[in-house]
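Reader: Hi! I am in my first year and still learning to read structures. Could you take me on a close look at the salt bridges here?

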Amino acid sequence: ARSARGLHASAASAAEDDQHLRVHGGLADEDRIFSNLYGESDWRLGDAVKRGDWYKTKDLLWMGPEGIIGDMKASGVRG
């Protein structure tokens, strides 16, 4: 009989394999802006914070529009 830990580990491994299969247009899921695109996690704020959806948001707000535009221009990013 498999232990509960073994079942959890194999389920986690299968989830990782499934995650690596989701690539659309050369953009992997971990590179997407919307991290809960498939609705697999709770949509509430607490879970969004746990997923890192609000990472660095405070820093961006402190930069203000002029700071953000300045950074974008300095980076040379287009499109």
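Author: Happily; here is a walk through the salt bridges, pair by pair. First, the model is predicted, so local features need pLDDT of at least 70 and side-chain atom pairs count only at pLDDT 80 or more, while totals for chains, interfaces and linings use all residues. Residues are numbered from 1 along each chain as its sequence is written, and side-chain values use heavy atoms, with hydrogens and water left out.

The structure holds four salt bridges, a term for a side-chain nitrogen of Lys or Arg within 4 Å of a carboxyl oxygen of Asp or Glu. Let us visit three of them, including the one between Arg44 and Asp42, where N and O are 3.0 Å apart. Arg44 has a relative accessible area of 46% and is partly exposed; Asp42, at 28%, is partly exposed as well. Here buried means under 20% relative accessible area, exposed means over 50%, and partly exposed lies in between (1.4 Å probe, protein chains only).

Next, look at Lys50, which pairs with Asp47 at 3.7 Å between the closest N and O atoms. Both sit in helix H2 (residues 45-51), three residues apart, so about one helical turn separates them. A helix here is a DSSP run of H or I with at least four residues, numbered from the N terminus. Lys50 is exposed at 71% relative accessibility, whereas Asp47 is partly exposed at 24%.

Finally, Asp53 meets Arg51 in a salt bridge, with 3.1 Å between the closest N and O atoms. Asp53 is partly exposed, at 31% relative accessibility, and Arg51 is partly exposed too, at 27%.

Methods
Helix = DSSP H or I, 4+ residues; strand = E, 2+ residues; numbered from the N terminus.
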